[in-house]
Amino acid sequence: SYTVKDLSAKFSSDVVNMVQGVAKVSRVSKLHRASGRALDFDERSQLRAMLLAMTDARVVIVNLAARLIKMRNLSSAPLSQQHAFADETLAIHAPLAARLGIFTVKNELEDLAFKWMNPQAYASIFQALGKRESIVAALSRLDAELVSRNADVVDLCGRQKSVYSIFKKMLSKHQKIEEIMDVRAIRIILPDTEEAIDSERACREMLDLVHSIWTPVDGRVKDYISEPKSNGYQSMHTVVRDETGNTLEVQIRTATMHRTAEFGVAAHWRYKE
């Protein structure tokens, strides 16, 4: 209900331009949903390209946040609307979040879209995850070892792979959930260093320490520090087996690498501005 003139009287031109950009993106999404058909590959690519071409990428981030809120609150919407929003989210918004490196948002968008599109499969995997052994014991073991060796660590955290990621892996690899090795993961965050070479060395030393605690699985070490992903993601990954034979992925990175991995370009604005 506000005009550009109204907004300009209250807010800076920076804010007004972002509001206009978000409104423009929302109108395009609404037109696609109103067409009542799924977007084909070219249309999806074009829409993602258009969003990324925005002069201010913060517009895309605001749009992703708005979509996340929408997806969290679809329970009362008609089934057709749930499917329409979910399909568009998987086709457009989740890949955009991944492109910007905002994996916290990307994972939740994918899980919510999967939940509305295929509630039975979502519930089945979610329940199976609940039955798996807790990673608290692994975290406690690692924490005790790090303390005994005076290792300098910023943070330790554990997580389970997102439901949609597990579903995709089950389909692509023709595996059961019990056969997926990185369902459970521990993340080790190390202090930042002034030189990149020192960060890489510290991560490799921590990798050796982890391999001295648990048995590494052959061929499952991935070095994204010396060879970062295209979106800037950096981390050292390994898969190990604990005392009970369960597999566990361990990710090792510095604090700066972690901020980039979780929040992508948004992390750089936050810490720069």
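**Entry 1: H258**

I looked up the surroundings of H258 and found that H258 touches R187, I189 and R253, with residues up to four places away in sequence not counted; contact here means heavy atoms within 4.5 Å. I note that this is a predicted model, in which local features need pLDDT of at least 70, side-chain atom pairs count only at pLDDT 80 or more, and totals for chains, interfaces and linings use all residues. Residues are numbered from 1 along each chain as its sequence is written, and side-chain values use heavy atoms, with hydrogens and water left out.

I placed H258 in helix α11 (residues 255-272). Helices (H or I, at least four residues) and strands (E, at least two) are DSSP runs, numbered from the N terminus. H258 counts as buried because its relative accessibility is 19%; buried means under 20% relative accessible area, exposed over 50%, and partly exposed in between (1.4 Å probe, protein chains only).

**Entry 2: Q251**

I then turned to Q251, which is found in strand β6. At 4% relative accessibility, Q251 is buried. Which residues is Q251 in contact with, leaving aside its neighbours within four places in sequence? I listed R159, I186, R187, I188, Y233, S235, M236 and H237.

I checked the side chain of Q251 for polar contacts, that is, pairs of N or O atoms within 3.5 Å; within protein, one atom must be able to donate a hydrogen and the other to accept it, and residues adjacent in sequence count only if both atoms are side-chain atoms. One such contact, of 2.8 Å, joins the side chains of Q251 and R187. Another, of 2.9 Å, links the side chain of Q251 to that of E249. I also recorded a C-alpha separation of 9.9 Å between Q251 and C157, which are 94 residues apart along the chain.

**Entry 3: T89**

I located T89 in helix α5 (residues 79-99). T89 is buried, with a relative accessibility of 0%. Its side chain makes a polar contact of 2.9 Å with the side chain of R67. Setting aside neighbours within four places in sequence, I found T89 in contact with R67, M71, A94, P95, L109 and A113.

**Entry 4: α6 against α9**

I examined the packing of helix α6 (residues 103-117) on α9 and read an angle of about 70°, with the axes 7 Å apart. Axes are lines fitted to C-alpha atoms, for helices over the stretch in contact, and angles run from 0 to 180 degrees between N-to-C directions. The angle therefore makes α6 roughly perpendicular to α9, a term that covers 65 to 115 degrees. E110, D111 and F114 of α6 meet V163, Y164, S165, F167 and K168 of α9.

By class, I counted 4 nonpolar, 1 polar and 3 charged residues in this contact. Ala, Val, Leu, Ile, Met, Phe, Trp, Tyr, Cys and Pro count as nonpolar, Asp, Glu, Lys and Arg as charged, and the others, Gly among them, as polar.

Within α9 (residues 163-173), I noted V163, Y164, S165, I166 and K169 as the buried residues. Just after α9, H174 takes a positive phi of about 55°.

**Entry 5: Salt bridges**

How many salt bridges does the structure hold? I found 16, a salt bridge being a side-chain nitrogen of Lys or Arg within 4 Å of a carboxyl oxygen of Asp or Glu.

I looked first at D14 and R58, whose closest N and O atoms are 3.1 Å apart. D14 lies in helix α2 (residues 13-34) and R58 in helix α4 (residues 58-72), so the pair ties together parts that are 44 residues apart in sequence. D14 is partly exposed at 36% relative accessible area, and R58 is partly exposed at 23%.

I next took R141 and E243, whose side chains meet in a salt bridge of 2.0 Å, N to O. R141 belongs to helix α8 (residues 136-148) and E243 to the loop between β5 (236-241) and β6 (247-254), so parts that are 102 residues apart in sequence are tied together. R141 is partly exposed, with a relative accessible area of 30%, whereas E243 is exposed, at 57%.

I also recorded a salt bridge of D198 with R201, with the closest N and O atoms 2.8 Å apart. Both residues lie in helix α10 (residues 196-213), 3 residues apart, about one turn of the helix.

**Entry 6: The chain**

I closed with the chain totals: 11 helices and 6 strands, and 41% of the 273 residues buried.

Technical notes
Angles under 35 degrees count as roughly parallel, over 145 as roughly antiparallel, 65 to 115 as roughly perpendicular and the rest as oblique.
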